[in-house]
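Student: Please take a close look at a single part of this model, the place where the ligand is bound. I would also like the side-chain contacts elsewhere to be set beside it.

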Amino acid sequence: MVRLNSKITIHLNKLEGNLNAIKSRLRSGVKVMAVVKDEAYGHGLIKIAEFLQHKVDWFCVVFAEEGKVLRESGIKNPVLVFETPQKNKLGWYKEFGLTASVADPDVIELLEAGTDFHVNFDTGMHRLGVLPHQVDELKKKIESRPDLNHTGLYTHFFKSEIPEAGDTSDQLEVFKSIISKFRDDLYVHTSNSGGVFSSSHQDLQFDGVRPGISLYGYEPGEALIDDINPIIDWSSFLMQVKPIKKGETVSYGGRWEAPEDGFIGVVPVGYGHGLFRILSNKIKVLIGERYYPQIGTITMDFIMIDLGQDMPEPGTEVFLLKGNDLTAGDWARKAGTIPYEIVTSIKESLVREYKD
Ligand SMILES: *Cc1c(COP(=O)(O)O)cnc(C)c1O
């Protein structure tokens, strides 16, 4: 069910600015493989892909279903699917022109004739990927299937947003020794956003990079990147404005007590919409130019805000997230998580609007 009490606005001009920030770090000729998994990190798969299709080379998704949706929406770019090909979707790779990821030598036997695939190597992430000691077995299996199109090799970094850690160089060394055993015309890619913006980024680029979070305007780690900006705004409105007396409490558990007589506002958003309850009493909202604190426990569908002595009209717009003023990065720090989790938690039922 579509819910209209919130307005999610996605700024496409900022998305383009973030893409340009990424491109400005790339050696010439390095391709951009835009990661649009999980509804483009909550921003809306189809609209984001439509906007980016002529500005990037590839799209990356996790599930073949997402690749199918891209094709059904008319997207023509190459699409890499991260998941291990599943039996019920094996025909889709050829049918929809999707590139499969092989993370296990046995998968080679399952793929349908004519399937394009990249091999994903596990060089330390220890999630999906072929292990270094399986390379010879993998090569034999690939040789036994001349009816498949082996087109690429990749790996995934687990700490590239912390360049000084050294783990990425270790992974890189393992990866380089693996790729030296393959044809040198294969398409090679390694970097997520952390790799793109890392101090040693040019060594990590190979033929293409796979940025996700930075496209949407968030740093992959703690280090600030000043030319990327959040592309999402989230606003709702004052559903009710009412007086409160000194000493009265607000919301479940009475976790906020009015320090003086004043006014509170009720806004129809809550944890059921993706505003984490753990942020209770920790965030601010914007009405016009003024910030107001959210007060008391965040409930499933409503929050309350402390208006002090102000009494805006019911219906007045209230921003929860807004550009660089109210960000998912700030919520993430307060909630003990990362912006990735904040933006992918904003419910799909909240309608997204797209602005140029
Ligand atoms: C999610 C993902 C990315 C993008 O990572 P960001 O940190 O969002 O840039 C790249 N590659 C793989 C394999 C991923 O799973």
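Tutor: A polar contact is a pair of N or O atoms within 3.5 Å; within protein, one atom must be able to donate a hydrogen and the other to accept it, and residues adjacent in sequence count only if both atoms are side-chain atoms. The model is predicted, with local features requiring pLDDT of at least 70 and side-chain atom pairs pLDDT 80 or more, while totals for chains, interfaces and linings use all residues. Numbering runs from 1 along each chain as its sequence is written, and side-chain values use heavy atoms, with hydrogens and water left out.

The ligand has 13 residues around it, each with a heavy atom within 4 Å. Those that come nearest are K37, Y41, S193, I213 and Y340. By class, this shell comprises six nonpolar, four polar and three charged residues; Ala, Val, Leu, Ile, Met, Phe, Trp, Tyr, Cys and Pro count as nonpolar, Asp, Glu, Lys and Arg as charged, and the others, Gly among them, as polar.

Oxygen atoms of the ligand are approached by both side chain and backbone. From Y340, a polar side-chain atom lies 2.6 Å from a ligand oxygen. The backbone of I213 places an N or O atom 2.8 Å from an oxygen of the ligand, and a polar backbone atom of G212 is likewise 2.8 Å from a ligand oxygen. The protein buries 93% of the 390 Å² that the ligand exposes when taken alone (Shrake-Rupley method, 1.4 Å probe).

Turning to contacts within the protein, R25 belongs to the loop between α1 (12-23) and β2 (31-35); helices (H or I, at least four residues) and strands (E, at least two) are DSSP runs, numbered from the N terminus. The R25 side chain meets that of D227 in a polar contact of 2.6 Å. With the side chain of S24, R25 makes a further polar contact at 3.2 Å.
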